[in-house]
Amino acid sequence: MNVLYLDLNRCIYCRACEVACEREHGGVSRIFVTLLDWTEPVPVACRHCEKHPCVEACPVDAIEVTDEGAVIIHTNKCISCGLCVIACPFGVIELDKAGKIADKCDLCAHRLADGRQPACVLTCPTRCIQYGEFEEIMARARAKPGLTLVSAVGETGTVVTMPDRPAGAVQKATSGSD
Amino acid sequence: MIIGKLKEAIICLRAGRVTLRYPFEPSVVPEGFHGQPQLDIDKCTGCGACSMACPARCIEITDEADQRTMLYCLDRCSYCARCQEVCPEEAIVLSSEFELATDSVDDLRVTARFDLVRCEECGEVVGTRREIEKLAAEMPEKTGISVDQISWLQLCAECKRKRSLETARDLQAPEQ
Amino acid sequence: MNQQHINWVPSVCPFCGVGCGFLAGVDRGRLVALEYLIEHPVSEGALCPKGNAALDTVHHADRLLHPLKRVGDGFERISWDQALQEIAERILEIREAHGPNALAFLASAKCSNEENYLMQKWARLVGTNSVDHCARLCHASTVAGLGKTLGAGAMTNPVTDTVNADCIFVIGSNYAECHPVAARWVGDALEQGAFLMVADPRVTPTVWHADLCLQLRPGSDVALINGMMKIIVEAGLCNEEFIGSRTSGLEQLRELLQTVELSEVEEISGVPADAIEEAARHYATAEASVIMWSMGITQHITGTDNVMSLANLALITGHLGRPGAGLMPLRGQSNVQGACDMGALSNVLPGYVAVTDFERRRQIAAKWGVTELPTARGLTVVEMMNAAASGDLHSLYVMGENPIVSDPNVQHVRQGLDNIDLLVVQDIFMTETAELADYVLPAALWAEKSGSYTSTERRVQWQPTLVAPPGEALPDWQIICEMGRRTGYADCFPFASPGDILTEINTVSPAYGGITPERVQALGGLIWPCPDEDHPGTPILHQEKFGTEDGLGHITPTPYRPPAETPDEQYPLTLTTGRLVLHYNSGSMTRRTKALLSREPRLFVEISAADAAERGIEDGELVRVATCRGYTDCVARVVPTVAAGVVFMPFHFSGTNILTSDALDPTAKIPEYKVAACQIEKSPR
Amino acid sequence: MSVVQDIIKQMSLGAPGLLQEIEERAPQQLYATVAPEQVVATAKYVVNQLGGRFLITAGTDDREPRGDFCVSHIFSLDEEHIFLTLQIRLEPQDPQIQSITGIVPGASWAEREMQDLLGIRVVGLDDSRRLVLPDDWPEDLHPLRRDVPHDIRPEPVTGAEPQRREPPEGATVVAIGPFFPVLEEPAYFRLFVDGETIVGSDYRGFYNHRGIEKLGDSALTYKQVPFIAERICGICGFIHSSCYCEAVEIAIGIPAPPRAKYIRSIMLELERIHSHILWLGIAAHIVGFETAFMQSWRMREPLMWLCERISGNRKTYGMNQVGGVRRDLPTDIHPDILNVLDTVEKEWSELYSAIQDDTTLLMRLADVGPITPDYARAMCVAGPTVRGSGLPRDARVDHPYAAYADLPVNVITFDSCDVLARTLVRIEETLNSIKQIRVALQDMPDGDIMAEIEEIPAGREGICTVEAPRGEAIHYVLTGSNNQLARWRVRAPTYCNLQAVPGMLQDQNIADVPIAIGSLDPCFSCTERMEVVDCKTGSVRAYSHEEMINMCRLQDGLSD
């Protein structure tokens, strides 16, 4: 099964993925890059969790897990109750107030359908976001030095690695203080 | 000419009196009539689906302090029953009530209040207490995620994103 | 979107100098979609946020549509014929009255090689070397410094070659924001175990991935590098073989280094001596080391010195002329390398022929069908503004630049432009500079014309025409050709297409000899030097010998000099400026792009918590930043990423360059944007 | 070769150089992209060579994301059952296009409206005065542009005057309006008369323009639009919600289930019946024939009760949704429907028979308000108005929707081209509608009433026409992102029929004006009134406009 892979160690907070996602999805980005402490960027996209709390929370079965493992909101079925927004562990579902529906990453289903990778994957300048076969991605992730592997809910879904270096960038900066 | 007039006269005479005595006698509405929406506040969780669905924007939600107020402005209602259709709790139904005339618009306003849960990090609104209790009650059984793991139900989307790495670690399958 | 009618055309990103490619989707005459060009040799489909939004400015409603002429405080629409004729007549009148040096021309690093070539050709035919462009404001010191030491003022290795480096020394560059796709290759190198060290006054996104960070004080680069070289030389880590066979001047360097004291370096730069030592050892001992820099190095009154000292560092360690070993000045604009190559600089003709070089100048004159070209060095960008203010300059013709936002000390620039008799601006939007102009000419943008663009790694790529320009807008090359013809040089502008112009460039500039219109259109283009039609291009320079006359690398010792401005009681903070990933230069494009502007909507100043607390400034508060040149109001960001005593502002919004200093590097004439003494207080508003 | 391919071929070969491209984006819906400079030549080809009938123009602000404006001239090729849309893409700065009114005079309002609402300048319009925007609306504010918010309330321009057309020399102006007294609806006709003969006229309407299109493509979601669509007309609302829903269904290629389509047809025909009955009553009232007025309205009432029973609402049934209908028509209701229809059929036939023998009435209707077939074609009139001029135009046959492909639609025409012809068309059509409902009830298939639609992708276009009682309603949709339409263009039938008024009144007697205009069954936007009945005393009091406004606003935090 194909999964998304976020290698947090490589993110440079350029937000190309956000702009690309926005371009692909009618002006609303479904990936969020959050900057912690001015120095630690965390790109957050839907993890397409195996245990998918959002699917369980939806009272009208508007969220579905596809055969490819993607968790997708069928917007025309959504009743805007917002329960999936609360249920999501990662904060990647938001209620689009203009469109009055819940909105989240669909892994660029329209692109995958014609053989193109998701926009955020292709645009990412630093290969921070990748997409591929689960085992292959895991092998790639494990092979990288100095990374901690954190997975999503369940055993599939998005694979995330982050640097296991303890010190933040500011602490690393070796400046003689004034 | 005269034949036409005669035919017309017959039509009129045969019709007789046709008007109803309403309002002096009650008018009975058919089954399934779309009258004034009625809210069952005990069932409602304050999720706001009805507000988003309402084409006439009758239902206004205001979040203030620790309270969500839902104001049903039934004077604007167009009786489409979309609220009834979307309500996940079957808390709103269109009744057979149609005699809504009043000289005070307040008579057509219904207010429901709900306790709000705000994000424990930033204070942003997460949802109503009823929504969150409902999710907390159902979630463990449905997903297999234990109750003590679902702390994120108290966080707003942005703070959840900020804590997403921790959450991911918490939720990691034990064998990994 | 219905994609079935879209014609996908490989295109070159119009923003920074990395030269990324993408597929532009054309549907019935409109640019409607963008797709990632995975086959591109530099970017592999990757794009930064600006690249993703590159199409947003193309069919923008603010585009200039018709030639405009100033009438009172406003503009009036006129015909092309009237505009061209009146401008030509006035230029000739001014030349008649005040001589050719009363005229000046600004070319553009956003225009194609062909257009820059024409612009400088026209200027020189009209009789002046006062043709310059914003390379003067970004990498003039690189061109000068590397020219003097290595004989070629350009990046020695391709961007992708970074992956072969074992040690990457980044100084004065925030490539992660300014050249995001370059970060791809650095990241790959790091995964293969390379060592990354970054010297920067701020903890930028580039620093996040570094193994070693040297947070130096703005303007202390030469001291730091001399310190590193002292350690290398004294520890015997020099590459003696390389020095012996390929360089000259080591002795003079040794003499200089004897005067350098590490404790002094520590004091000047603010970087602890052991960190300097660690950096020096890593750089010298790695199998292959590269140095990457940008405007943090160049935009100083010691810009040329800074560049030369980096060249010295590479020369004594032999990190040149091999894969993974080289000097990488990352250039800021899509065609700033090309505009320099084309001679759109006041001191050099195409192919970096000095205007004072009698013989080679005559050769070019002959190719242009004239007997002589102006011999005196012309005015540089900042000098033009000074001359305008003093009344020596009467006419300025600007192609695609926005000096009123991008030049230092812009209040002075405004005085100059107000003072001038004839200001012509040829651009795609009504920029802040165009608003002051006597004539505004609507130009086509990258997608509406064809031409070649040279990226930072000397890669010449072709941009085909995708859509028609809006309204009456015309490609810059057509406008310049017409101006050339109307100012009396009809025979010199016989071109019917950009291809025709490139064919002439092939004969004038030896490095472009083999970069013919046919060859350059292949995906990825060609990397100069490419002297003839069979030459495959030269990704790595200086493999056998350097470009200097004797073929040696000239080690050129550079003593430390302090910046022009140092903090004092009135202005106790050091202001430094730079780019944001979401914006581009003077912002005339990116501030018109919703996706970018919404994420970074306004001017701000980054200030340390200590400095903020001292002034009672809270994060997000409106503050007033002042230097001796003026002040500007903006929002304060209290951040841990700048050291106390240093503040940072991006330069994409009007306001920043009110503050910056126009003190010049004596050689390259680049202004010292990177250091200004300033004070910050709560905004009185 | 299919008819569609044949048309594509004809256009490609027959109009060389005119088209940039032509394609079938939905079944029987062709879109041809035309360069701006070719628009007139192409329109000429479509009208003269292909027999195209102009329907409406939809201007679209496509600056985001395409960066241009798009003008869609929508034509019908009736015999081939094809919609042919000419799309012209225009530069975003100062967009302008050549008028096609030289080819299609009936395109005048469509072009003027586009000029008003989108700021697309139409070059060569003989009349380029404002059509829709109020006289005191600012000059450069074009509300259908996407950067103008739907709830904008600009400061009125002071000193603005309606742009009146002056009468020919020697003629006098007789003003009818701005509140049209016969229908009690806002419209302003200026008749230029010489004695009692009308020598010209001018019209200003749109006084209650509600901006429904704008709401539909900026404030409302796909599922909310049907309810406002239904409120475009107080009589034939279901027409509009059906037309919208079918247009979206066409755009996304997911039709409603067959049962839903039958239910739509049944409701549409019920609506036609009660509308035609209502019209006859009003027409009678206009000519002072109160008996027919009273009896028509009496006959109509059981139909209204029936609709209330079926839908839950007397009017504005709220039954349509994209993908189908929200309420089934259970079998136990069928006998009641048939009973009501039997009664209506019988009573209506009796009334018809009586009227046919009423020569006084016939004299008021015959030879009044003539619309020749040529004029009808030129002005693109629709419905009973066009069928009363002998032309068999009916959307149910030309572009079958709902279940009409299976129903016995009899296109009724009369060729005397006058008010009488229009009257007879309506009367006979009513009887035909009754037949259709009977067949529909009998043949109605079982199954779902709502199709499963997971999402509505952006950038799809669909056109639907629905034969309203007054003529064909046209809805064009362009789907957008964020659960909203990117463009919704609605043309109600009165829009084209009103354009024929000047020709219809020319050389007529002033006394015939009310019934002539009434014969179009015009549908202006209406107003509201309220009366209070005291159940104890039986006293009735009407509330004034101010009182009503005040009652709404008293404690009101809401804005609308």
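Two strands count as paired if DSSP finds at least two bridges between them, and strands (E, at least two residues), like helices (H or I, at least four), are DSSP runs numbered from the N terminus. The model is predicted, so that local features need pLDDT of at least 70 and side-chain atom pairs count only at pLDDT 80 or more, while totals for chains, interfaces and linings use all residues. Residues are numbered from 1 along each chain as its sequence is written, chains are lettered from A and ligands numbered from 1 in the order in which they are written, and side-chain values use heavy atoms, with hydrogens and water left out.

**Exercise 1. Locate strand S9 of chain C among its pairing partners and describe its surroundings.**

Solution. Begin with S10(C), residues 212-214, which pairs with S9(C) in the parallel sense over three bridges; there, C:Leu212 is the bridge partner of C:Met197. Next take strand S8 of chain C, residues 167-171, which also pairs with S9(C) in the parallel sense, over five bridges, with C:Phe195 in S9(C) as the bridge partner of C:Cys167. Then turn to the side chains: C:Phe195, C:Met197 and C:Ala199 point one way from the strand, whereas C:Leu196 and C:Val198 point the other way, and all are buried, a term that means under 20% relative accessible area, against over 50% for exposed and partly exposed in between (1.4 Å probe, protein chains only). Because five of the five residues of S9(C), 195-199, are buried, the strand is largely enclosed by the rest of the structure.

**Exercise 2. State how confident the prediction is in chain C, and where confidence is lowest and highest.**

Solution. The score to use is pLDDT, the predictor's confidence in each residue, from 0 to 100. Chain C averages 95, and 99% of its residues score at least 70. By element, the lowest mean, 91, belongs to helix H19 (residues 403-406) of chain C, and the highest, 98, to strand S18 (residues 439-442) of chain C.

**Exercise 3. Reconstruct the open sheet of chain D that contains S12, and place D:Arg204 in its environment.**

Solution. First, the three strands have the order S8-S11-S12 with antiparallel pairing; the edge strands are S8 (172-176) and S12 of chain D, each of which pairs on one side only. Second, S8(D) and S11(D), the latter covering residues 188-194, pair over five bridges in the antiparallel sense, and D:Leu191 in S11(D) is the bridge partner of D:Val174. Third, D:Arg204 is found in S12(D), residues 197-204, and is buried, with a relative accessible area of 12%. Finally, beyond neighbours within four places in sequence, D:Arg204 is in contact (heavy atoms within 4.5 Å) with residues including D:Arg130, D:Asp135 and D:Tyr188, while a polar atom of its side chain lies 2.6 Å from the backbone oxygen of D:Leu133.

**Exercise 4. Characterise chain D as a whole, then the contacts between chains.**

Solution. Chain D has 18 helices and 19 strands. Its radius of gyration is 23 Å, close to the 24 Å that the globule rule gives for 560 residues, so chain D is as compact as a globular protein of that length; the radius is taken over C-alpha atoms, and the rule is 2.2 Å times the number of residues to the power 0.38. Buried residues make up 60% of the 560 residues in chain D. Between chains, A and C share the most contacts of the five pairs in contact, whereas no contact joins chain B and chain C, whose closest C-alpha atoms lie 16 Å apart.

Technical notes
A polar contact is a pair of N or O atoms within 3.5 Å; within protein, one must be able to donate a hydrogen and the other to accept it, and residues adjacent in sequence count only if both atoms are side-chain atoms.
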